[in-house]
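Subject: Structure for you to look at

Hello,

I am passing on the structure we talked about. Please open it first, and then read the notes underneath.

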Amino acid sequence: ADIPVIPDLEEVQEEDLAMQVAAPPSVQVNRVLTYHDLDKDLMKYAAFQTLDGEVDLKLLTKALAPENELREDDVSWDWDHLFTEVSSELVTEWDLGQSERED
């Protein structure tokens with residue numbers, strides 16, 4: 001009764017199905033819209049000019065700043081320099097407040 005049995009190939013293949021991983025689905029990648037494209041869409045479609053069909057966003061969309069005004073150059077921060085600058089501004093403000101109280 002305790003005789004080892006060599007399994008058939010078909011039985012082994014059925015067991016291996018549980019260990020197999022399904023291939024990932026293929027998804028079509030759409031291009032990422034640029035700020036310029038988003039700005040065009042914002043002004044073009046009325047859906048972007050109301051929120052929940054109740055709040056009118058036309059005034060807000062007219063006041064939005066263009067991308068070129070919002071872009072800033074990357075500036076690296078040096079912790080010691082930044083700390084010194086902020087602490088000196090705080091001391092200056094504190095000194096001005098003290099002098100105003102004395103006057």
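Below is what was found, starting with the chain as a whole and ending with the pocket.

Please keep in mind that this is a predicted model.

The chain has five helices and two strands. Their order along the sequence is α-α-β-β-α-α-α, with the two strands following the second helix. Of the 103 residues, 5% count as buried. The accessible surface of the chain comes to about 10700 Å², and 57% of that area is supplied by carbon and sulfur atoms.

On the surface, L33, Y35 and L38 make a nonpolar patch of about 290 Å². L38 belongs to helix α2, which covers residues 35-44. Is L38 buried or exposed? Neither: L38 counts as partly exposed because its relative accessibility is 41%, and the partly exposed class lies between the cut-offs of 20% and 50%.

The largest pocket has a volume of about 160 Å³. Its lining consists of Y35, L38, D39, A65, P66, E67, L70 and R71. Two elements, α2 and α4 (67-70), each give two or more residues to this lining. Helix α2 provides the largest share, with three residues. Sorted by class, the lining holds five nonpolar residues and three charged ones, and no polar residue.

The patch and the pocket can be viewed together: Y35 and L38 are among the residues that make the patch, and Y35 and L38 also appear in the lining of the largest pocket.

Best wishes

How values were computed
Residues numbered from 1 in each chain as written. Predicted model: local features only at pLDDT ≥ 70, side-chain atom pairs only at ≥ 80, totals over all residues. Heavy atoms only, no water. Patch = residues over 30% accessible without salt bridge, like charges linked within 9 Å, V, L, I, M, F, W, Y side chains within 5 Å. Areas by Shrake-Rupley, 256 points an atom, 1.4 Å probe, with all protein chains shown as cover. Salt bridge = Lys/Arg side-chain N within 4 Å of Asp/Glu carboxyl O. Helix = DSSP H or I, 4+ residues; strand = E, 2+ residues; numbered from the N terminus. Buried < 20%, exposed > 50% of the residue type's maximum accessible area, 1.4 Å probe, protein only. 1 Å grid on protein atoms, 1.4 Å probe; cavity = no way out; pocket = protein on both sides within 12 Å on 5 of 7 lines; lining within 4 Å. Points joined across faces, edges and corners; volume = space filled by probe spheres on them. Nonpolar A, V, L, I, M, F, W, Y, C, P; charged D, E, K, R; others polar.
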